[in-house]
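Here is a short report on a structure. It covers a helix, a helix pair and a chain contact.

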Amino acid sequence: MFLWKKIKNNENIYYAITNVKVQIGFSLFFLIVLLAIIGPMITRYTYTEFAGPGYHPPSGDYWFGTTLQGRDVFTQTVFGLRSTILVGFIGGLIASFIGVIIGLVAGYKGGLLDEALMMLTNVVLTFPTLAVLIIVAAYLPYRGIVNMAVLVGLTVWPWTARAVRSQAMSLKSSRFVDLSRISANNVFRILFEDIAANMFSYIFMVFILQFMGTILATVGLEFLGLGPTRGISLGLIMQNAVNWNALELGMWWWGIIPGLILTFMIVSLYFINTGLDEAFNPKLREF
Amino acid sequence: MGKYFGKKLAIYLATFFVAVTINWLIPRFMPGDPILSMLAQFQGLEGGQEIIQSRFVQSFGLDQPLIYQYLNFWRSLFRGDLGVSITIYPRPVIDIIRNSILFDIIVVLPAVSLSWIIGNKAGAFSGFNKKADSFLMPFFYFLTSSPYFWFAIVVVYVFGIRLNIFPTSHAYSSGMTPGFTLPFIINFIRHWFLPFFTMFLVGLGGWAIGMRNMIIYEKKANYSEYMKSLGAKDKMVRRYAFRNGVLPQVTGLAIQLGTIISGAILVQMVFSYPGLGYRMVQAVQNQDYFLLQGSFLALITMALAANFIVDIVYMIIDPRIRASYKEEK
């Protein structure tokens with residue numbers, strides 16, 4: 001009860017956790033993460049193993065059915081989910097970090113530095129991300145989960161930089177920043193303690209969106225066969241399904257179930273994001 | 001306006017410059033000399049010797065100073081020489097690109113414009129209508145959360161396999177000869193529909209969500225409240241809110257273009273629809289590096305052209321930019 005009182009005193013957190021969209025989103029997200037954590041532990045098969053008869057629809061033995069060769073789709077999906085969440089997390093962190101730093105510096109400093117950084121941002125923004133990633137991945141002989149995440153993270157940050165920049169620009173003319181400046185605080189302190197700290201909730205939401213962006217870009221690459229060179233991933237399962245004509249053979253479970261779980265995960269993140277937006281932004285709250 | 005335009009133009013030129021440089025840099029400096037091993041393949045083919053002597057190939061040659069190689073790459077680019085494809089030997093890459101780009105435009109352009117227009121309308125409806133919103137909003141979120149290629153898989157399964165009303169791959173049946181004959185046009189449209197439909201629906205969700213959020217914000221704005229207190233009709237309040245919401249949606253279009261083109265690549269893969277994206281991925285699989293570079297460059301150029309169009313549209317509909325143009329004159 002003490003904790004509840006403390007939460008109630010903090011307006012932002014109180015509104016966040018009592019928002020219905022946040023609650024729905026979090027429950028769904030939690031379930032899917034749970035699936036990724038527990039799934040690989042409870043499955044009886046490995047993802048490369050020929051677990052049973054091929055062409056088997058979802059049943060008690062094979063929850064998501066089997067592939068044409070008899071691999072267990074459930075096992076592949078939960079292992080793939082792990083790799084997808086991991087890539088999204090690392091890539092999202094990198095993208096948010098780059099975007100926030102560039103946005104903060106450009107918005108606070110202004111002038112020529114701002115022009116140069118925004119030029120860079122707009123150039124990266126204009127590139128069709130996937131095309132660039134295809135070019136780079138095509139020439140990379142070995143691709144692991146971490147360098148995939150870094151690669152994707154390096155290309156999806158621009159809109160964050162733009163959004164953070166405009167926030168920083170409006171914050172920098174506020175009185176407490178002026179005060180900080182008069183007190184001769186150094187630039188880093190002003191940037192992080194005054195400006196970034198005041199848009200922390202915003203940065204958290206940016207991270208959620210970047211997490212999603214990274215996942216979508218990575219899964220796209222995996223689907224083209226340019227994902228991590230070893231292991232299984234959600235995109236790879238679906239690529240296999242398309243390559244083996246699973247749909248024409250009526251094996252809908254092979255191509256559709258892994259993508260459906262992925263889509264639900266993204267939907268849950270959108271719900272969390274919209275809910276938080278309502279919670280932190282009183283203007284949207286009453287709706 | 002001149003300044004606004006000049007800035008945009010600078011960004012486009014810089015993007016193009018970076019794209020060309022990446023295009024030369026990556027194959028040139030990748031370990032394992034992928035270009036060299038591809039040239040070795042050319043040697044065995046008829047007329048291959050000539051290709052190796054061409055300026056384009058020379059720009060990856062090892063016997064010249066780097067800066068000359070780089071400049072040579074630009075020079076051959078301006079002369080439209082992008083090398084020769086090895087999978088469809090001996091067709092020049094520029095030729096393949098010219099044929100593929102039509103398939104991109106014919107799918108992406110109608111899909112994007114229609115989804116933008118209808119998505120905005122649907123989003124505005126959802127934003128004003130609390131009852132409809134409670135089930136429309138999750139639906140829009142579902143659409144926009146679907147990865148393009150997964151949605152394409154679902155569409156193939158439902159419309160192509162289950163209902164069996166549309167063909168699910170290639171741009172036209174293999175027995176057909178392209179031309180302006182009625183059977184061919186019908187055949188072409190039937191093949192075109194599912195890729196278009198996929199891109200349209202996935203796009204629609206995002207625009208609807210964007211507009212819905214804008215409307216909810218705008219209808220709380222002071223001018224809306226003031227209009228209501230003056231007794232203005234609901235319809236009028238809605239119209240003003242919509243007009244205010246449209247502008248950020250145009251900016252959103254510019255931001256989303258990259259994602260849309262990426263989505264088109266994936267959709268083309270599912271439907272084996274022979275646009276640039278399909279060619280590009282095919283080139284990766286066959287290690288046809290010249291075709292890969294050529295289609296990459298063509299895709300970037302397409303993205304730049306699309307951005308340019310959005311800029312012009314923005315200028316036309318934003319009264320503030322129009323006003324500043326008049327002042328300058």
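## Helix α13 of chain A

What should the 29 residues of helix α13 (residues 252–280) of chain A span at 1.5 Å a residue, and how far apart are its end C-alpha atoms? The expected span is 42 Å and the ends are 41 Å apart, which agrees. That expectation is 1.5 Å times one less than the number of residues. Helices are DSSP runs (H or I, at least four residues), numbered from the N terminus.

The model is predicted: local features need pLDDT of at least 70 and side-chain atom pairs 80 or more, while totals for chains, interfaces and linings use all residues. Residues are numbered from 1 along each chain as written, with chains lettered from A and ligands numbered from 1 in written order.

Of the 29 residues of α13(A), 26 are buried, so the rest of the structure largely encloses this helix. Buried means 20 or more other C-beta atoms within 10 Å of the residue's own, with C-beta atoms placed from the backbone.

## α4 against α11 in chain A

The axes of α4(A) (residues 73–109) and α11(A) (residues 200–223) come within 7 Å and cross at roughly 125 degrees. The two helices are therefore oblique to each other (not under 35, over 145 or 65 to 115 degrees).

Contact residues include Gly88(A) and Gly92(A) of α4(A), and Phe207(A) and Thr214(A) of α11(A). Contact means C-beta atoms, placed from the backbone, within 7 Å.

## Chain B against chain A

Here 43 residues of chain B contact 38 residues of chain A. α11(B) gives the largest share of chain B's side, eight residues.

Technical notes. Buried ≥ 20, exposed ≤ 12 C-beta atoms within 10 Å, placed from the backbone. Contact = placed C-beta atoms within 7 Å. Axes fitted to C-alpha atoms, helices over the stretch in contact; angles between N-to-C directions.
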